[in-house]
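Visitor: I would like a close look at a single part of this model. Please begin with the whole, then zoom in.

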Amino acid sequence: IGTITHMLTLSKILFAVQTLFFLFSLSIHDFETDLHTGTNNLPEMSEFSSGENTLVILLDGLQGDIFRDLLTEDPPPLFAQVFSGFTYFDQHTGLFPTTFMTVPALLSGKIYRNDETKQSFIKRVVKHESILPVLGDRGYIVDLASDKFEVNLYRKGFHSHSYAIPNNLHLSRLHYTLDDTLRMADLILFRHAPHLARKSIYRDQSWFLQSIFSNDEYGQLRYFAHNHFLETLSRNAFVKGNAKRFKFFHLMTTHTPFIVNRDCSYAQKALPIERENATNQSRCALLTVAKLLSKMKEIGVYEAANIILLSDHGAWIAPEMEPKVLEDGTFEMIHPAVSSMALPALAIKPAGSTGESIFSGVPSTLSDLPATLNGLLGLGHKFPGKNVFALNENEHREREYLYYQWRRDDWTSPYMGPMTRFVITGNPYYTSSWEQKGIINPPQQ
């Protein structure tokens with residue numbers, strides 16, 4: 001019996017070793033795939049025109065009130081000096097609490113309402129009804145960049161060059177391969193472990209095997225990889241030709257998990273979703289954006305460029321909301337999970353705008369982006385929404401926000417789950433401005 005037990009133990013060890021070698025070989029393949037996918041069209045991302053340039057940077061999850069606080073913090077950080085000529089829209093509202101359905105809305109001004117499948121809506125709107133084919137018709141060179149998933153949403157529309165930001169350009173091959181192996185091993189261990197042991201393996205995203213054998217930034221690659229992408233552009237940006245150029249970069253440097261300290265050093269773990277941590281990561285991300293803006297000044301294209309800095313939703317951080325006082329003297333508040341995600345950031349520098357940044361309280365919303373670009377670029381097209389520079393601060397305007405709970409199958413399911421429709425009139429930081437207007441359900445299937 002002892003011999004049999006010994007043989008079984010040995011076979012388990014050999015199986016574990018074989019599994020690790022298999023995972024290691026898969027990770028080598030992943031490294032090569034990421035590297036090949038990412039390097040296509042990287043030089044074009046760095047090219048600017050001696051004529052017309054438009055740069056749109058979407059920082060995923062940058063919350064509007066956090067951005068406002070950073071712009072006004074004392075002493076002012078570097079980007080407060082670099083962001084000259086910008087208008088910050090401090091009563092701006094979003095449309096959805098996640099990226100997926102926000103992308104077609106910000107490209108087209110059209111809002112998904114569960115009346116057709118998500119994939120059909122995205123394909124039709126981005127390909128035929130967004131600003132991308134209009135730019136193509138007007139002769140623009142269109143450069144798109146994001147990670148592999150998000151960039152495929154944008155690629156459904158017209159583009160000249162696209163770049164899937166890889167997860168490994170800032171890592172050595174051995175470094176990436178080892179960490180990818182450990183990541184997959186941790187996931188296998190987590191899946192097969194007893195329920196009570198899973199918390200010890202997960203360790204609040206500081207995974208068991210990765211924390212023992214790896215002391216690096218792998219688990220939070222998107223923050224570092226996307227920062228690396230922007231820093232590469234900041235070093236290599238150059239002017240070539242005079243063709244009209246439009247760049248749209250969707251970056252994940254402000255998105256959870258929050259993993260950097262105030263000095264932008266790696267915190268070695270995922271930090272709690274709290275205002276201080278969100279503020280620190282947002283500050284670090286904006287400082288990297290500021291490097292690119294400084295480079296644009298250096299090569300002489302900043303002042304004449306249209307530059308838009310925006311986000312798709314908030315950061316799950318409770319904003320400071322004014323409560324609504326009810327007739328019985330009690331107070332009513334919008335749940336922070338709802339209100340925070342409805343407050344994305346928006347700041348715009350029109351071509352020729354200079355001087356200190358200014359604040360605007362106009363009732364802008366995320367679906368105004370195509371109409372605003374249409375006005376800034378003189379495209380002569382008609383989009384839903386309004387040019388934010390044509391809005392009045394005292395204007396009465398109803399802005400929609402469709403809130404839903406994210407489900408695991410929302411990437412692949414044909415429809416969204418039930419969406420609660422809110423109408424916001426007035427300052428979105430006042431609960432009295434919010435009114436719930438029913439639920440948009442998916443079709444009966």
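Visitor: How much area does the protein chain expose, and what share of it do carbon and sulfur atoms supply? After that, show me Leu377 in helix 15.

Guide: The protein chain exposes about 20,200 Å², and carbon and sulfur atoms supply 55% of that area. Accessible areas come from the Shrake-Rupley method with a 1.4 Å probe; for residues, only the protein chains shown count as cover. This is a predicted model: local features need pLDDT of at least 70, side-chain atom pairs count only at pLDDT 80 or more, and totals for chains, interfaces and linings use all residues. Residues are numbered from 1 along each chain as its sequence is written, and side-chain values use heavy atoms, with hydrogens and water left out.

The protein chain has 15 helices and 17 strands. These are DSSP runs, numbered from the N terminus: helices are H or I with at least four residues, strands are E with at least two. Of the 445 residues, 52% count as buried. Buried means under 20% relative accessible area, exposed over 50%, and partly exposed in between (1.4 Å probe, protein chains only).

Now zoom in. Leu377 lies in helix 15, which covers residues 369–377. Leu377 counts as buried because its relative accessibility is 11%. Look for Asn53 too. Along the chain, Asn53 and Leu377 are 324 residues apart, yet 9.8 Å separates their C-alpha atoms. Across the protein chain, 74% of the contacts with a separation of 6 or more join residues 24 or more positions apart. Contact means heavy atoms within 4.5 Å.

Who touches Leu377? Leaving aside residues up to four places away in sequence, the partners are Glu52, Thr54, Leu135, Tyr140, Phe246 and Asn306. Follow Phe246 next. With that same exclusion, Phe246 touches Thr54, Val56, Leu135, Tyr140, Ile141, Val142, Asp143, Leu373 and Leu377. Phe246 and Leu135 are also among the residues with the most contacts inside the largest nonpolar core, which has 48 residues. Phe96, Met101 and Phe248 are named there as well. A nonpolar core is a set of buried Ala, Val, Leu, Ile, Met, Phe, Trp, Tyr and Cys residues joined through side-chain atoms within 4.5 Å. A second, separate core has 43 residues, including Leu59, Ile165, Leu233 and Phe249.

One last stop, further along the sequence. Strand 15 spans residues 398–403, and five of its six residues are buried. After strand 15, Trp406 sits in the loop leading to strand 16. Trp406 counts as partly exposed because its relative accessibility is 34%.
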